[in-house]
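Biologist: Please take me through the paired charged side chains of this model, one pair at a time. After that, carry on into the strands and the helix packed in its interior, and finish at the surface.

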Amino acid sequence: MTRTSAQELSNTELVGTIEQIATIISESHYVVGMTGAGMSVESGIPPFRGADGLWTKYGVPRMDGYSEFKKDPIGWWNRRTNEKIDAHIVELRDALTSAKPHAGHYALVGLEKQGYLQSLVTQNIDALDEKAGLENLVEIHGNRTKLRCIDCGDRVSLGDFVPLYAPDSCIKCDGIVKFDTVMFGEPIPSDVMVAARTEIDKADCVLAIGTSATVRPASGLLWIAEAAGATIIEINPIETKLSPICEVSLRSTAGEALPLLLQSLSD
Ligand SMILES: [Zn+2]
């Protein structure tokens, strides 16, 4: 087991740990990435939790967003489009609109193209993995640039378009349409939950990047992988709940570590 802390991590140690991770990945048959808020923070998107988190600044929002939406979908859309929304949502939306993929996102695309990464399960809703060009992607908490029917699950891409009115009901089943992003109190859509579980069941190595591993049910997948015998590798500047079950914990950011990992595997 390798333990490093950001303060102690010299360049030599960083390179040594990267090489150790590269060896595990090159000897694995099916590597699945799992990314969390830390990945988005490096693109300038504020997290909810932690010292600079939106909830720390603005307070924790009501956790019944989904039941509020279901009670009155048209009213919800009208409040949303008329800016009568929480300050933390406005700040988040502005940051999401201007965010671009960083070097870590592009390194994951490089790992996928070279056959070292079979898929990515992300908890982020920013669509930056898709924008960077990642192909085998499971967005477990949805994608902010899509709408989804809550009855049949059909998704429609919005691109950069921001809806100004409540969208029409689903063209396939006439069901209620909402943003694909999973709300508080909303179950993870069954298709993405099944897809994520299928990927985790195939994995003999999981690369957990920038995730505090505290948000269920996504975090539970990491313990399922470990229990099934997969090697867990962590890239995160801080120690997490996941650290005790990791074969290697690299105390670094995705933007720093992933390009070095891609380079190490490409040599
Ligand atoms: Zn539908």
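Modeller: In this predicted model, K71 and E68 are separated by about one helical turn, because they stand three residues apart in helix 4. As a general matter, an α-helix has 3.6 residues a turn, so residues three or four places apart point the same way. The side chains of K71 and E68 do meet, forming a salt bridge with 2.9 Å from N to O. The two partners differ in their cover: K71 counts as exposed because its relative accessibility is 63%, over the 50% cut-off, whereas E68, at 24%, counts as partly exposed.

This pair belongs to a total of twelve salt bridges in the structure. Another of them joins R148 to D180, with the closest N and O atoms 2.7 Å apart. Since R148 lies in strand 5 (residues 146-149) and D180 in the loop between strand 7 (177-179) and helix 9 (190-202), this pair ties together parts that are 32 residues apart in sequence. Both partners are buried, R148 with a relative accessible area of 4% and D180 with a relative accessibility of 3%.

A further salt bridge is formed by R155 and D191, whose closest N and O atoms are 2.6 Å apart. Here too distant parts of the chain are linked, with R155 in strand 6 (residues 155-157) and D191 in helix 9, 36 residues away. R155 is partly exposed at 26% relative accessibility, and D191 is likewise partly exposed, at 40%. These two pairs are not isolated, for R148, R155, K178, D180, E186 and D191 are linked in a network of salt bridges.

From the charged pairs I turn to the interior. Strand 2 (residues 31-35) is mostly covered, with five of its five residues buried. In a regular strand the side chains alternate between the two faces of the sheet. In strand 2, V31, G33 and T35 point one way, while V32 and M34 point the other way, and all of them are buried. Strand 2 has a parallel partner in strand 8 (residues 205-209), to which it is paired over five bridges, and in that pairing T35 stands opposite I209. Strand 2 also runs parallel to strand 3 (residues 119-122), the two being joined by four bridges, with G33 opposite L120.

Within strand 8, V206 is a useful residue to follow, since its relative accessible area of 0% makes it buried. Leaving aside neighbours within four places in sequence, V206 is in contact with V32 and M34, and also with I200, L222, A225, T231, I232 and I233. The first two names in that list are the residues that share one facing direction in strand 2. As a reference for distance, V206 and G110 are 17 Å apart in space, C-alpha to C-alpha, and 96 residues apart in sequence.

G110 is one of the buried residues of helix 7, where G104, H105, A107, L108, V109, L111 and E112 are buried too. Eight of the eleven residues of helix 7 (residues 103-113) are buried, so this helix is largely enclosed by the rest of the structure. The cover over its buried residues includes strand 2, strand 3 and strand 8, together with helix 2 (37-41), helix 8 (128-132) and helix 11 (254-266).

Just after helix 7, G115 takes a positive phi of about 85 degrees. The loop that runs on from helix 7 to strand 3 contains Q118, and the side chain of Q118 reaches the backbone oxygen of G115 at 2.9 Å. Not counting residues up to four places away in sequence, Q118 touches E112 of helix 7, V31 of strand 2, and also H29, Y30 and N136.

At the surface, finally, V60, M63 and F184 make a nonpolar patch of about 270 Å². Of these, M63 is found in the loop between helix 3 (54-58) and helix 4 (65-71), which brings the account back to the helix that holds K71 and E68. M63 is partly exposed, because its relative accessible area is 43%.

Note on methods: Residues are numbered from 1 along each chain as its sequence is written. This is a predicted model: local features need pLDDT of at least 70, side-chain atom pairs count only at pLDDT 80 or more; totals for chains, interfaces and linings use all residues. Side-chain values use heavy atoms; hydrogens and water are left out. Patches are made of residues with over 30% relative accessible area and no salt bridge: like charges are joined within 9 Å, nonpolar side chains (Val, Leu, Ile, Met, Phe, Trp, Tyr) within 5 Å. Accessible areas come from the Shrake-Rupley method with a 1.4 Å probe; for residues, only the protein chains shown count as cover. A salt bridge is a side-chain nitrogen of Lys or Arg within 4 Å of a carboxyl oxygen of Asp or Glu. Buried means under 20% relative accessible area, exposed over 50%, partly exposed in between (1.4 Å probe, protein chains only). Two strands pair if DSSP finds at least two bridges between them. Contact means heavy atoms within 4.5 Å. A polar contact is a pair of N or O atoms within 3.5 Å; within protein, one must be able to donate a hydrogen and the other to accept it, and residues adjacent in sequence count only if both atoms are side-chain atoms.
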